[in-house]
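Me: Can you walk me through this model? Keep it short, please.

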Amino acid sequence: MRSDKSLSERSVDAVRRLREAGIHFAITSGRPPRGMEMLVDPLELDTPISAFNGGLVVERDFDEGFKRFEPARDIPQHEHLLCTVCGRVTEFQDERLERITTLVAERHGYLRQRHRLVIHGVCASCRSGSAIN
Ligand SMILES: [Zn+2]
């Protein structure tokens, strides 16, 4: 990237050649996501952008027709609430879910290993009519 934040033809061409060779190209920066938005169109990026110096990301597929990515953290099992209006994803933990899913698994003769729960609904700010999310 040039000092005026524009991209050289050479950079754009290099990324295009990587894509043509079947190599995934992603950008990582110490900038916030908005500080990299100007690169998305010129480089035709369709990979996750890693902001604030990145880190590991994990893929989350909520059957929305696209995939989301969230930072990989050493946190225990957590569940997700997905707002069907604004698309906000909220994480929560509730140890009761560990117990109930173990009981359900046992009732069906399963040794419980893990579970996945996504609650679809309308978030508080969408319910209150607030446009700010
Ligand atoms: Zn919402």
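Reply: We start with how far to trust the model, then take its elements in turn. This is a predicted model: local features need pLDDT of at least 70, side-chain atom pairs count only at pLDDT 80 or more, and totals for chains, interfaces and linings use all residues. Residues are numbered from 1 along each chain as its sequence is written.

Me: What is the mean pLDDT of the protein chain?

Reply: The mean is 81, and 86% of the residues reach 70 or more. pLDDT is the predictor's confidence in each residue, from 0 to 100.

Me: Where is confidence lowest, and where is it highest?

Reply: Lowest is strand S1, residues 57-60, at a mean of 70. Highest is helix H4, residues 124-127, at 94.

Me: How many helices and strands are there in the protein chain?

Reply: Four helices and five strands. Both are DSSP runs numbered from the N terminus: helices are H or I with at least four residues, strands are E with at least two. The order from the N terminus is α-α-β-β-β-β-α-β-α.

Me: OK, the sheet. Which order do its strands have?

Reply: S4-S3-S5, in an open sheet of three strands with mixed pairing. S4 and S5 (118-121) are the edge strands, each with a single partner, so one side of each has no neighbour in the sheet. From one strand to the next, the twist averages 20°. That angle runs between N-to-C directions, from 0 to 180 degrees, using axes fitted as lines to C-alpha atoms (for helices, over the stretch in contact).

Me: In what sense do S3 and S4 pair, parallel or antiparallel?

Reply: Antiparallel, with S3 at residues 79-83, S4 at residues 89-92, and four bridges between them. Strands count as paired if DSSP finds at least two bridges between them. His-80 has Glu-91 in S4 as its bridge partner. Leu-81 is opposite Thr-90 in S4.

Me: What is in the turn between S3 and S4?

Reply: The two strands form a hairpin with five residues between them. Gly-87 sits in that turn with a positive phi of about 85°.

Me: And in what sense do S3 and S5 pair?

Reply: Parallel, again over four bridges. Leu-82 has His-120 in S5 as its bridge partner. Cys-83 is opposite Gly-121 in S5.

Me: Switching to helices. What span does H1 reach?

Reply: H1 covers residues 9-20, 12 in total, and reaches 16 Å from first C-alpha to last. That is close to the expected 16 Å at 1.5 Å a residue. The expected span is 1.5 Å times one less than the number of residues. Gly-22 follows H1, with a positive phi near 80°.

Me: Pro-42 caught my eye. Is Pro-42 buried or exposed?

Reply: Exposed, because Pro-42 has 12 other C-beta atoms within 10 Å. The cut-offs within that 10 Å are 20 or more other C-beta atoms for buried, 12 or fewer for exposed, and partly exposed in between, with C-beta atoms placed from the backbone. Pro-42 is in helix H2, residues 37-43.

Me: Which residues is Pro-42 in contact with?

Reply: Leu-7 and Val-12, leaving aside neighbours within four places in sequence. Contact means that C-beta atoms, placed from the backbone, lie within 7 Å. By C-alpha atoms, Pro-42 and Ser-6 are 9.5 Å apart, with their positions 36 residues apart in sequence.

Me: What about Glu-9, buried or exposed?

Reply: Exposed, since Glu-9 has 7 C-beta neighbours inside 10 Å. Glu-9 lies in helix H1. Its C-alpha is 9.8 Å from that of Pro-42, 33 residues apart along the chain.

Me: Last one. How much of the protein chain is buried?

Reply: Buried residues make up 2% of its 133 residues.

Terms used:
Contact = placed C-beta atoms within 7 Å.
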